[in-house]
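Please open the structure in your viewer and keep the selection panel at hand. The tour goes from one selection to the next and says at each stop what is there.

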Amino acid sequence: MLQLRDGQEQPLAIRREDYVAPAWWIDTVDLTFDLDPAKTRVLNRMRLRRNPDSVGGPLRLDGDELNLARVLVDGQGASFRMEADQLVIDNLPDSFELEIFTTCCPVKNTKLMGLFVSENTFFTQCEAEGFRRITYFLDRPDVMASYTVTLRADKAAYPVLLSNGNLVDSGELPEGRHFAKWVDPFRKPSYLFALVAGKLVAREQRITTRAGKEHLLQVYVRAGDLDKTEHAMNSLVHSILWDETRFGLPLDLDRFMIVATSDFNMGAMENKGLNIFNTKYVLANQATATDADYGNIESVVGHEYFHNWSGDRVTCRDWFQLSLKEGLTVFRDQEFSMDLCADASARAVKRIEDVRVLRTAQFPEDAGPMAHPVRPDSYIEISNFYTVTIYEKGAEVVRMMQTLVGRKGFEHGMSLYFKRHDGQAVTCDDFAQAIADANLDSELSRLLPQFKRWYSQAGTPRLAATGSYDADARTYTLRFTQSCAPTPGQPLKLPFVIPVNLGLLAQDGRELPLQRDGESEATLHTRTLVLTEASQQFTFVGIDAEPVPSILRGFSAPVVLDFDYTDTQLLTLLANDLDPFNRWEAGQRLALRSAIQAIAASSAPTAVLDDAYIGAMREVLRDPKLDAAFKELVLTLPSETYIAEQLDVVDPQRIHAVREAMRVQLATALFVEWEQVYEQHHDTGAYTPDPLSAGRRALSGMALTFLCLAAGESGDTVWPGKTLQRFKDAGNMTDRFNALSALVSSGHALAAQALARFHAIFKNEALVIDKWFSLQAGSPDRGGHVLPLVKQLMKHPDFSVKNPNRARSVIFSYCSANPGAFHRPDAAGYVFWSDRVIELDAINPQVAARLARGLDRWSKLAEPYRSAAREAIVRVAARPDLSKDTQEVVQRALA
Ligand code: ARG
Ligand code: ZN
């Protein structure tokens with residue numbers, strides 16, 4: 001399977017089918033921490049009992065980078081042995097008390113897994129396998145225990161001491177130390193354990209939920225950041241109300257805490273009652289955060305809160321079931337954000353944004369060397385499987401279930417799921433079964449075994465559709481053929497259950513009633529066809545002229561749809577479709593078609609977009625009935641990554657040049673419209689981050705970008721000057737950053753002074769400085785200037801490779817988000833990438849392995865990129881002492 005260099009140890013693959021129940025249960029855990037950055041002492045007292053339903057065997061406890069001082073069984077020194085990282089004890093009674101005393105060194109923990117120090121504050125991250133870096137344990141999600149935690153630390157340095165659950169005791173200790181004792185009333189797996197200790201302040205709010213219970217909500221941050229916590233707190237309050245209203249799931253704790261840290265591998269973590277967040281997803285005020293930041297905070301706060309039920313109350317049996325909680329919880333946070341929208345248009349905007357993420361990140365994953373099913377069959381390092389497939393595709397699978405059983409039916413299914421499995425560690429099968437069992441007369445129930453292929457088969461299905469109109473019979477027949485390309489380890493795929501939301505439009509754009517052959521009545525619009533066969537057809541009657549099909553409305557399934565639309569049909573959909581998603585999609589298809597033609601042509605790209613397309617975009621911009629946010633999405637061209645996915649052989653420079661030419665064309669051809677758009681939308685009054693005014697800011701920001709781009713072509717200096725003024729006067733970060741970005745991306749000379757000023761204003765705001773780095777590292781390449789700039793940025797005093805947010809803002813913005821600058825004919829981008837993967841791997845394997853994914857699609861590249869990219873991967877793979885994380889990624893890339 002995996003090719004390894006001689007002498008290098010083969011990392012062990014963990015396989016789903018090897019699951020066995022634990023030989024022991026841990027009922028209670030009593031932890032005492034003496035917190036010290038250099039040497040933290042952990043006393044762990046557990047009650048264990050043999051699991052009579054297991055195959056038996058000795059007790060094997062996981063550990064990682066721990067110093068073991070003492071092991072006592074029922075108070076007596078016990079004989080034990082070490083097998084690799086495991087502590088093994090034989091000859092145990094059926095039930096006993098185990099005491100383990102260890103130490104660890106949080107200040108040297110640059111992996112940010114387990115217990116670590118960030119800005120003189122202790123934090124933990126235990127998912128998936130970080131708890132074993134704190135103490136020896138059965139570190140697996142199906143072992144659920146009751147936790148009591150005592151924290152002891154210097155009071156002046158660590159005044160705030162937090163852990164899961166309720167504070168039951170606290171007080172002074174000798175020598176300026178103090179303690180706090182926490183008891184979590186709920187049993188939980190070790191990955192949900194958390195502690196925080198340091199100098200923090202909290203925004204507090206008390207709420208009474210519908211059940212009439214009072215709760216204390218707290219958002220903990222560093223002292224200077226309290227003025228940036230209002231939005232996170234509001235988002236938490238909204239989340240609590242929403243879960244109670246939509247799914248009947250109440251907050252089950254007296255106290256719910258969120259704590260922010262600036263050193264974090266991921267977005268956030270749902271530890272029971274003590275969510276720990278990357279500052280990026282907590283801190284916001286109008287001066288420092290953009291509308292996008294506000295939106296992300298709302299959905300991440302929601303996401304972690306919703307895990308309290310879908311993750312904490314009901315958790316995963318093993319890590320192969322990760323999507324059980326992640327797919328479901330992403331679905332829930334998507335629904336939450338949509339339900340907060342004021343109207344259907346704003347909901348559609350959210351849906352389009354979510355689908356864009358799926359198609360630009362998950363579809364490539366599903367087509368590349370790391371392709372894996374929503375429920376994987378094996379892994380070497382579980383951290384590598386916190387992927388867009390587990391999260392976003394997993395959410396689409398849940399969404400399809402909702403489509404098949406209806407919104408109410410899905411709510412009943414959720415109720416049954418929590419009723420059946422509260423307090424348990426379960427599987428994706430259990431979830432799907434509950435949704436189906438609550439809807440026995442549904443298609444989902446009838447098709448459940450086949451539907452579950454979405455969990456077991458990797459790869460994005462392709463759905464080819466053709467339509468034929470019979471004028472004499474007045475019928476229209478749609479034929480669908482589905483297929484799915486092989487993925488690693490899965491050469492053959494069986495047909496999926498694909499719900500296709502369909503509408504038919506007359507050629508003048510009117511919505512047609514849908515009546516199938518043999519039916520007595522018509523549906524007014526949009527119906528769900530459920531595909532189950534490799535090939536299937538549907539005939540509609542009473543159709544007076546060849547219709548335009550609107551297929552996959554709302555993106556009702558995560559598939560690639562091939563339908564040979566004429567340009568005229570796409571223009572009809574773009575102008576008229578009742579479904580905003582397919583309206584947007586029609587515009588994307590038109591732009592993509594032009595891009596692909598121009599990429600294939602041999603001439604320099606000019607006039608890539610035709611008059612009909614430009615005219616349609618003009619109509620969209622002028623349409624008084626369309627929201628600004630929607631217009632901004634329609635006018636955004638498909639990304640370079642998305643375009644690349646449509647091609648068999650990828651020349652990133654060619655794609656970049658063509659897309660830039662298209663942008664210049666939109667800028668110049670619609671110059672008058674952009675001026676009008678800017679004038680009409682740039683004043684949004686007092687700042688609020690609501691979707692309507694955010695949409696206006698997005699569209700006016702886009703207008704500025706195009707106006708500066710057009711100015712670059714014509715030599716005009718008026719708009720760059722106005723943009724600089726806008727940058728200086730802006731009353732919020734969204735407008736300020738959009739203006740800055742317009743100057744930087746057009747390469748205008750004024751960009752330099754704006755960048756300098758931006759840095760000077762925000763030098764003490766780490767998250768804003770991340771934006772400053774990221775904008776430059778992600779800017780369009782002109783003559784290869786970005787790579788030298790990136791190297792220079794890494795020497796900036798504010799740069800630190802150890803801080804994940806900062807590393808991402810420079811290195812990832814260049815390597816993973818700027819294909820036109822990264823894929824250099826001289827291969828210098830790839831050499832830089834391999835150096836950074838190697839450098840990061842020694843510090844933080846999770847961050848390194850993420851960066852290593854940046855060349856996943858190397859085999860699609862045209863020469864000379866292809867060979868050079870492969871060489872860079874080989875160079876990384878050849879390093880001795882590579883982490884399991886990075887090894888797994890590069891070995892799969894080369895397999
Ligand atoms: N459960 C967290 C969330 O999605 C993410 C934790 C990721 N941990 C990791 N080791 N990759 O909300
Ligand atoms: Zn999650």
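The stops below are taken on a predicted model, and they go from a ligand to a sheet and then to an annotated span.

Begin by selecting ligand 1, and then add the residues that surround it, which are Glu127, Ala128, Met266, Ala268, Met269, Glu270, His303, Glu304, Glu326, Ser383 and Tyr386. If you colour this shell by residue character, you will find 5 nonpolar, 2 polar and 4 charged residues. Now display the secondary structure around the ligand, and look for strand 20 (268-269) and helix 2 (291-306), each of which supplies at least two residues of the shell.

Next, move to strands 4, 8 and 7, which form an open sheet in the order 4-8-7 with antiparallel pairing. Strand 4 (59-61) and strand 7 (81-83) are the edge strands, each of them pairing on one side only. As you turn the view, follow the twist of this sheet, which averages 30° from one strand to the next.

Stay with the sheet and select strand 4 together with strand 8 (residues 86-89), two antiparallel strands that are joined by 3 bridges. Which residue of strand 8 is the bridge partner of leucine 59? Selecting isoleucine 89 shows you that partner.

Finally, select residues 459-563, which an unreviewed UniProt entry annotates as "domain: Peptidase M1 alanyl aminopeptidase Ig-like fold". In this span you will see 46% strand and 0% helix, and if you mark the C-alpha atoms at its two ends, you will find them 20 Å apart.

Key: Residues are numbered from 1 along each chain as its sequence is written. Chains are lettered from A and ligands numbered from 1 in the order in which they are written. This is a predicted model: local features need pLDDT of at least 70, side-chain atom pairs count only at pLDDT 80 or more; totals for chains, interfaces and linings use all residues. UniProt positions are given in the numbering used here, feature names are shortened, and annotations may be inferred rather than shown by experiment. Helices (H or I, at least four residues) and strands (E, at least two) are DSSP runs, numbered from the N terminus. A residue is near a molecule or strand if its C-beta atom, placed from the backbone, lies within 6 Å of it. Ala, Val, Leu, Ile, Met, Phe, Trp, Tyr, Cys and Pro count as nonpolar, Asp, Glu, Lys and Arg as charged, and the others, Gly among them, as polar. Two strands pair if DSSP finds at least two bridges between them. Axes are lines fitted to C-alpha atoms, for helices over the stretch in contact, and angles run from 0 to 180 degrees between N-to-C directions.
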